[in-house]
Amino acid sequence: MSTLLDAQAEAGGHLAVSAGPAGPAVTDEPPEPPRLSWPQVLRRFWPLTAGRRLAMAGALLCFTLAVVADAIGIELLSTLIDGAVENADLDQFWHPAAIWAVVTLAAAALTYAGSVLTASASERFSRRLRAHTHDHLLTVAPEELDRRALGDVLSRVVDDTEDVEHLTVSGAVSTAGSALAVVIFGIAAWRQSWMLALVVLAAAPCVWLLNRWLTGRTHAVSMRTRVAHGALTSTLEQSFTNAALVQAYNGRPAERRRLAAVSGRLMRARLRQTRLAAVQGPLTELVETAGLLAVIGIGVINIATGDLTVGGLLAFTAYLTFLYPPITALGQLGLVASSSGTSAARLVELLDLEPAVREARSLVVHDREITAGPAGIAIEGVTVRSPGRPDRLHDVSLRIPAGALAMVTGPSGAGKSTLVELLVRFRDPDAGRIRLGGRDLRDRPLGELRNEVTLLPQEPFMFDETVRDNITYGVPEDPGTGPISLATRDSGAAEFLDRLPDGLATQVGQRGRALSGGQRQRIALARALLREGSVLVLDEPTTGLDPQAAQNLIGTLRLLTARGRTVVLVTHDLGLTRYADQVIEMRAGRVHRLTVSPDAPAHPLDRPGTQQLKAG
């Protein structure tokens with residue numbers, strides 16, 4: 001057997017690395033999402049700042065007042081130099097020095113307050129954006145998420161959110177503060193010497209043009225860095241998740257090559273990013289130094305002609321020290337916007353994924369429709385298309401009476417899983433409709449529908465919580481000990497719960513790895529049985545169960561149908577079909593054969609005879 005380890009190294013299939021005998025190979029990348037401009041980012045994400053805009057305005061006010069305080073301090077410096085220092089008079093020192101100390105303390109306090117307000121607004125924005133993205137992704141079709149590299153999705157939700165926050169909240173406050181600082185220090189410098197102020201302002205366009213030149217080069221590098229980071233996260237996630245497979249198949253060399261491939265991409269992208277940043281710093285410093293030398297040279301001439309005092313020159317150089325950082329920050333705005341705009345584009349790509357289904361067309365819920373009770377299923381002319389491939393389902397029509405046990409069989413690819421997806425509205429049919437209790441599923445609110453239709457997936461999903469938490473997941477209120485005990489008994493989980501270290505309080509571990517496969521299956525079954533919906537859909541529920549446990553499960557399901565609950569069970573085990581009220585055999589997306597028990601829907605386990613109807 002050849003070892004083929006394919007990694008979806010970038011979101012949406014951007015990069016695939018195959019680590020086989022010949023080593024890793026990299027496929028071509030599709031076009032990257034276009035970078036969003038700052039106005040585009042603000043238009044998209046500004047609504048999420050609601051409730052924190054006052055804090056942002058307060059932070060900007062604090063920073064502005066701190067700048068004013070610094071400008072006052074510089075004026076006091078000029079007074080001290082021209083008075084106390086020039087005249088060697090200590091009496092002229094104390095009063096300006098005391099005022100300067102107070103002003104400096106005020107500036108420090110205002111800067112602290114502005115930083116706290118900015119952090120408060122930015123962290124709450126990040127939290128809200130992550131929650132918004134998280135909630136949206138949970139409306140996307142599960143198969144769409146499965147097509148994406150999990151590590152890259154996590155990188156976007158966690159890391160790219162920080163960049164979007166910087167551009168929307170803290171970066172917006174910082175930019176506005178820098179612009180106000182330039183205006184305030186510029187006016188103060190102009191008051192000292194308009195000629196020197198012109199020299200300083202002449203350097204500003206040079207800084208801006210320099211950073212503008214670097215902006216275009218930064219976008220491509222930023223995108224490659226982000227994508228490579230997502231690829232690395234995805235590769236590590238796959239390796240660790242499949243550690244048992246890697247060890248059993250001697251896959252460590254292949255995993256090492258795969259990791260080296262994506263790590264090399266990240267390393268090269270970051271080195272290029274570092275080189276661009278390293279170019280910017282010295283060039284900006286060179287421009288600033290040239291401006292400072294020009295100021296000192298012209299200042300010396302002005303002192304010689306009596307147009308400027310020594311204190312005035314020192315004050316001006318101090319203004320220059322305070323003026324260049326915000327000018328540089330404004331010059332780097334393009335670089336920051338480029339990098340953060342790249343992250344915003346990656347995040348928007350997730351947020352623009354269409355939900356698998358839309359909320360009900362009518363949210364009017366009639367009393368009879370929310371009353372718990374038996375509900376039959378009617379599938380009428382349903383077709384589900386698959387672009388470029390045969391239909392997943394084609395013109396399927398079925399009626400499953402309330403309180404019936406219907407089993408769906410057929411080979412892989414016959415359409416069984418698609419039928420399950422339709423019943424819980426993971427997707428909608430392209431043609432036809434499905435009615436539950438006489439009402440189209442698309443006319444039922446999703447929350448109501450998924451309380452009515454309970455799904456037991458083929459894979460027993462587990463959270464890293466206690467057994468009790470996993471069993472009661474999705475139940476609005478704590479059901480109490482009685483219903484939990486009944487569900488664990490009917491599912492067969494009670495047989496091993498007493499042997500667990502802490503019983504129901506036992507931690508199941510990540511993905512339930514502290515339990516065996518059969519134990520996970522029974523706990524998932526107990527979770528499904530605990531819900532009181534009128535329909536129970538089970539996808540291969542006997543996987544991992546021994547024959548006796550499977551028989552017990554069928555007995556439990558018959559008890560549920562006797563109470564009026566409708567059960568749809570997908571299975572490859574044809575031995576179970578003798579217990580069904582209906583056996584629906586699927587082939588190539590169609591109902592090939594429908595076998596109906598004459599005693600359907602509710603009767604004892606064994607059926608003496610059946611009636612067969614061949615479809616088509």
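Y473 has 48% relative accessibility and so counts as partly exposed, a good place to enter this predicted model. Its ring partner is F463: the two form a tilted aromatic pair, with 4.8 Å from centre to centre and 35° between the planes. Around them is a chain of 616 residues, of which 47% are buried, with a secondary structure of 18 helices and 14 strands.

**The pair F463 and Y473**

- F463 sits in the loop between β9 (453–456) and α14 (467–471), while Y473 sits in the loop between α14 and α15 (481–491), so this pair ties together parts ten residues apart in sequence.
- F463 has 43% relative accessibility, which places this residue in the partly exposed class, and Y473 at 48% is also partly exposed.
- Both values fall in that class because it covers what lies between buried, under 20%, and exposed, over 50%.

**The pair F185 and F322**

- The count of aromatic pairs comes to two.
- In the pair of F185 and F322, the ring centres are 5.3 Å apart and the planes meet at 35°, so this pair is tilted.
- F185 belongs to helix α5 (residues 150–192) and F322 to helix α9 (residues 310–331); with their positions 137 residues apart, the pair links distant parts of the chain.
- How do the two rings fare for burial, buried or partly exposed? F185 is buried, at 2% relative accessibility, whereas F322 is partly exposed, at 35%.
- The tilted label follows from the angle, because planes under 30 degrees apart would count as stacked and those over 60 as edge-to-face.

**Spans annotated as transmembrane**

- An unreviewed UniProt entry lists residues 54–77, 97–120, 166–188 and 194–214 under "transmembrane region".
- Residues 54–77 are 100% helix and 0% strand in the model, and the C-alpha atoms at the ends of this span lie 35 Å apart.
- Residues 166–188 are likewise 100% helix and 0% strand, with 30 Å between the end C-alpha atoms.

**The chain as a whole**

- Which share of the contacts between residues at least 6 apart in sequence joins residues at least 24 apart? That share is 76%.
- The accessible surface of the chain comes to about 29,900 Å², and carbon and sulfur atoms account for 60% of that area.

Notes
Residues are numbered from 1 along each chain as its sequence is written. This is a predicted model: local features need pLDDT of at least 70, side-chain atom pairs count only at pLDDT 80 or more; totals for chains, interfaces and linings use all residues. Side-chain values use heavy atoms; hydrogens and water are left out. Helices (H or I, at least four residues) and strands (E, at least two) are DSSP runs, numbered from the N terminus. Buried means under 20% relative accessible area, exposed over 50%, partly exposed in between (1.4 Å probe, protein chains only). Contact means heavy atoms within 4.5 Å. Accessible areas come from the Shrake-Rupley method with a 1.4 Å probe; for residues, only the protein chains shown count as cover. UniProt positions are given in the numbering used here, feature names are shortened, and annotations may be inferred rather than shown by experiment. Rings of Phe, Tyr and Trp (its six-membered ring) pair if their centres lie within 6.5 Å; planes under 30 degrees apart count as stacked, over 60 as edge-to-face and the rest as tilted.
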